[in-house]
Amino acid sequence: MKDIAIRVDHLSKVYKLYHKPSDRLKETLGMKVPVREHYALDDVSFDVYRGETVGIIGTNGSGKSTILKIITGVLNPSGGKVTVNGRISALLELGAGFNMEYSGLENVYLNGTMIGFSREEIDARLDAILSFADIGDFIYQPVKTYSSGMFVRLAFAVAINIEPEILIVDEALSVGDVFFQAKCYRKFEDFKKMGKTILFVSHDLGSISKYCDRVVLLNQGVKMDEGAPKAMVDLYKRLLVHQEEEAQAQAQESDEKESASAQADLQVQGGVWKDSLATNPEVLEYGEKQAEVVDFAVLDQSGRITNTVEKGSEFTIRMKVAFRETVEDPIFAYTLKDLKGTEITGTNTMFEKVSVDTQNPGDVREISFVQKMDLQGGEYLLSFGCTGYRDGEFHVYHRLYDACNITVVSVKNTVGFYDMNSKVTVE
């Protein structure tokens with residue numbers, strides 16, 4: 001039987017929600033007040049075995065961070081218990097124990113002591129910590145003078161270099177610049193090779209797929225399922241578009257059945273494609289409205305509507321345009337931007353040399369752009385447009401800016417925005 005490093009046994013965490021702040025005071029005085037209970041975690045159980053890397057995924061508010069805070073002792077459970085066998089280092093809120101008036105070096109000793117190390121043990125690890133942080137003479141300056149990047153570098157260096165038996169990671173591998181991130185991932189991989197136990201929470205589904213041996217899927221405080229990373233990521237993608245029941249059935253069927261079922265998704269949803277996507281509630285739109293983008297969708301290689309696309313797979317961007325007036329030679333377009341607003345790529349029917357006839361009032365056209373996803377793993381924003389030329393002048397009939405996001409899941413990222421898909425030989 002495998003050694004258990006972490007056992008989560010029927011764990012619950014309940015928060016009381018009060019109608020107004022004064023009700024909390026009244027309750028402490030013994031008065032009855034209306035209160036509503038919110039279950040951040042509800043009867044969650046799973047085991048993490050020694051030497052195993054286990055991921056936890058789920059939508060926002062599913063209880064991922066709460067469960068890590070209970071395991072690390074930051075929070076107390078309302079019910080159930082957690083058993084931990086081994087010394088833990090937690091990469092949760094980096095630098096939470098730092099004193100802003102102290103120098104970086106003083107904070108290294110302060111933080112190490114809080115974790116449970118003696119001064120001698122910290123001395124033995126000091127060179128590795130300073131080398132990893134790589135902030136030079138700033139180590140002798142008060143941390144209140146640090147940039148945000150320097151601050152997280154030092155905090156990460158302290159947490160990662162104490163060589164724990166169990167490492168708890170919560171969205172902490174994407175700190176600092178690209179070079180520091182690469183160093184963080186190398187350290188993470190070193191931990192795996194050393195046989196350390198790792199519990200890993202992330203929204204980066206590519207990292208979850210790459211590093212984890214097993215994945216636990218949470219939804220609104222309840223454990224939905226656990227199993228192989230690919231199966232759980234697929235289930236999570238269905239969960240993101242509120243298709244939990246169908247997702248559970250799909251996860252148990254063969255790939256052929258899943259593909260056939262997914263191809264029928266557009267018909268099943270009655271044409272309201274965007275209702276199955278996570279869309280931007282503050283989408284910016286403008287235009288003359290002679291034509292209007294009335295619906296849109298992103299479809300993965302199985303034909304399923306989703307915000308998540310695997311790098312290297314074929315996917316489809318689809319839009320539906322309704323015409324209110326006569327429009328000659330309309331142009332249909334989409335654009336993908338990064339979260340900073342930089343336009344990464346995009347195309348339109350004019351660039352693709354696809355001519356469209358004159359459209360009349362009442363006409364509706366469905367346009368599909370099919371392509372391979374070669375962007376790096378990450379988050380992107382998708383915009384749509386319908387434009388054209390009238391009497392030699394360019395007109396914008398309708399544009400939807402940042403209508404929805406696309407999450408690209410990748411197990412291999414290269415430098416820059418997209419992958420050159422190089423074929424490498426070494427002789």
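**Figure 1. A nonpolar patch on the surface of the predicted model.** Met350, Phe351, Tyr389 and Phe394 come together here to make a nonpolar surface patch of about 440 Å². The model you are looking at is a predicted one. Pick out Phe394, which belongs to strand β18. Is Phe394 buried, exposed or partly exposed? With a relative accessibility of 41%, Phe394 is partly exposed.

**Figure 2. A negative patch made of five acidic residues.** Which residues form the negative surface patch? They are Glu328, Asp329, Asp357, Asp391 and Glu393. Glu393 sits in strand β18, a strand that covers residues 393–409. Its relative accessible area is 52%, so Glu393 counts as exposed, the cut-off being over 50%.

**Figure 3. Strands β1 and β2, joined by a salt bridge.** Side chains with opposite charges can pair up when their charged atoms come close. In this view, Asp47 and Arg7 form a salt bridge, with 2.9 Å from N to O. Why does this pair tie together parts that are apart in sequence? Asp47 belongs to strand β2 (residues 35–49) and Arg7 to strand β1 (residues 4–18), so the bridge connects parts that are 40 residues apart in sequence. Have a look at the cover on each partner too. Asp47 is buried at 18% relative accessible area, while Arg7 is partly exposed at 34% relative accessibility. Strand β2 also holds Asp42, a partly exposed residue with 33% relative accessibility. The C-alpha atoms of Asp42 and Ser12 are separated by 4.6 Å, although these residues are 30 residues apart along the chain.

**Figure 4. Asp402 and Lys337, partners from distant parts of the chain.** Asp402 and Lys337 form a salt bridge in which the closest N and O atoms are 3.1 Å apart. Where do the two partners lie? Asp402 is in strand β18 and Lys337 in strand β14, and the pair links distant parts of the chain, 65 residues apart. Lys337 is buried, with 13% relative accessibility. Asp402 has another feature to spot: its phi is positive, near 50°, and it is a residue other than glycine. As background, most residues other than glycine have a negative phi.

**Figure 5. Phe332 and His398, seen through their C-alpha atoms.** Phe332 is part of strand β14, which runs over residues 331–337. Is Phe332 buried or exposed? Phe332 is buried, at 2% relative accessibility. How many residues apart along the chain are Phe332 and His398? They are 66 residues apart, and their C-alpha atoms are separated by 9.9 Å.

**Figure 6. A salt bridge and a salt-bridge network.** The side chains of Asp419 and Lys412 meet in a salt bridge, with 3.0 Å from N to O. The two partners differ in their cover: Asp419 is buried at 5% relative accessibility, whereas Lys412 is partly exposed at 44%. Elsewhere, Glu52, Arg214, Lys223 and Glu226 are joined into one network by salt bridges that share partners. How many salt bridges are there by this count? The count comes to 17.

**Figure 7. Helix α2, a mostly covered helix.** Helix α2 is made of residues 64–71, and six of its eight residues are buried. Which residues of α2 are buried? They are Lys64, Thr66, Ile67, Leu68, Ile70 and Ile71. An α-helix has 3.6 residues a turn, so residues three or four places apart point the same way. After α2 comes Gly73, with a positive phi near 85°.

**Figure 8. Lys289, a loop residue with a positive phi.** Lys289 is found in the loop between β10 (284–286) and β11 (291–299). Its phi is positive, about 70°, although Lys289 is not a glycine. Lys289 is partly exposed, its relative accessible area being 34%.

**Figure 9. Two buried cysteines.** A disulfide is a covalent bond between the sulfur atoms of two cysteines. How many disulfides does a search of the whole structure find? The search finds zero. Cys386 is buried, with 0% relative accessibility. Cys404 is buried as well, at 1% relative accessible area.

Technical notes:
Residues are numbered from 1 along each chain as its sequence is written. This is a predicted model: local features need pLDDT of at least 70, side-chain atom pairs count only at pLDDT 80 or more; totals for chains, interfaces and linings use all residues. Side-chain values use heavy atoms; hydrogens and water are left out. Patches are made of residues with over 30% relative accessible area and no salt bridge: like charges are joined within 9 Å, nonpolar side chains (Val, Leu, Ile, Met, Phe, Trp, Tyr) within 5 Å. Accessible areas come from the Shrake-Rupley method with a 1.4 Å probe; for residues, only the protein chains shown count as cover. A salt bridge is a side-chain nitrogen of Lys or Arg within 4 Å of a carboxyl oxygen of Asp or Glu. Lys and Arg count as positive and Asp and Glu as negative; His and the chain ends are not counted. The place of a charge is taken as NZ of Lys, CZ of Arg, CG of Asp or CD of Glu. Helices (H or I, at least four residues) and strands (E, at least two) are DSSP runs, numbered from the N terminus. Buried means under 20% relative accessible area, exposed over 50%, partly exposed in between (1.4 Å probe, protein chains only). A disulfide is a pair of cysteine sulfur atoms within 2.5 Å.
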